[in-house]
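Here are my notes on the model, as numbered points. They begin with a single residue and then turn to the chain as a whole.

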Amino acid sequence: QMHLAESGGGLVQAGNSLRLSCSITGRTFREIDVAWFRQAPGTEREFVAAISWPEDKNSYEESLRGRFTISGDYDKKTLDLQMDRLKPEDTAVYYCAARASMTIRISRNRYDYRYWGQGTQVTVST
């Protein structure tokens, strides 16, 4: 079983940047989708961005494209999310997630992801 752990969350002022990291340990798969999701209070968990390994293809929630950048290291099994020009509406718990991938298309569906971290809180103040 895979284990995921996020780090890097915190309190930041609007307009600033933050970089989240996710460490993936334990059993992994050769082909894997790794993703970031976020969930604000009273909302459903929403897709942020994902990478399909080892192809290294990216997928973004379009409203976040350009401000958020996903990256990772397939060999080290680490996943990062660079968040720039943060807005108060970015405040949420951010989760990294993973699933074994048997297809080309990257999943944006939270229910397709089997493995999850505990989440890290990101709070953006005005």
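1. Val48 has a relative accessibility of 0% and therefore counts as buried, the cut-off for that class being under 20%. The model is a predicted one, and the remarks below should be read as remarks on a prediction.

2. Val48 sits in strand S5, which covers residues 46-53. Setting aside neighbours within four places in sequence, its contacts are Trp36, Phe37, Arg38, Ser59, Tyr60, Glu61, Leu64, Phe68, Leu81 and Tyr94. As for distance, the C-alpha atoms of Val48 and Ala35 are 7.4 Å apart, with a sequence separation of 13 residues.

3. Thr120 belongs to strand S11, residues 120-125. Its relative accessibility is 11%, so Thr120 is also classed as buried, given that the class takes in values under 20%.

4. Which residues does Thr120 touch, apart from those up to four places away in sequence? The list is Glu6, Ser7, Gly8, Gly9, Leu20, Ala92, Val93 and Tyr94. For Gly9 there is a further detail: a polar atom of the Thr120 side chain lies 3.2 Å from the backbone nitrogen of Gly9. Tyr94 appears among the contacts of Thr120 and among those of Val48.

5. On secondary structure, the protein has 11 strands and zero helices. In sequence order the pattern reads β-β-β-β-β-β-β-β-β-β-β. The radius of gyration is 14 Å, close to the 14 Å from the globule rule for 126 residues, so the protein is as compact as a globular protein of that length. Along the principal axes, the C-alpha atoms fill a box of roughly 40 × 25 × 25 Å.

6. How much of the protein is buried? Of the 126 residues, 42% fall in that class; Val48 and Thr120 are two examples. The accessible surface amounts to about 6,600 Å², and carbon and sulfur atoms account for 45% of that area.

7. On contact order, take the contacts with a sequence separation of 6 or more: 59% of them join residues 24 or more positions apart.

8. Last, the charges. The protein carries 17 positive and 16 negative charges, and the mean positions of the two sets are 2 Å apart.

Definitions and conventions: Residues numbered from 1 in each chain as written. Predicted model: local features only at pLDDT ≥ 70, side-chain atom pairs only at ≥ 80, totals over all residues. Heavy atoms only, no water. Helix = DSSP H or I, 4+ residues; strand = E, 2+ residues; numbered from the N terminus. Rg over C-alpha atoms; globule rule 2.2 N^0.38 Å. Buried < 20%, exposed > 50% of the residue type's maximum accessible area, 1.4 Å probe, protein only. Contact = heavy atoms within 4.5 Å. Areas by Shrake-Rupley, 256 points an atom, 1.4 Å probe, with all protein chains shown as cover. Lys, Arg positive; Asp, Glu negative; His and termini not counted. Charge placed at Lys NZ, Arg CZ, Asp CG, Glu CD. Polar contact = N/O pair within 3.5 Å; in protein donor to acceptor, adjacent residues only side chain to side chain.
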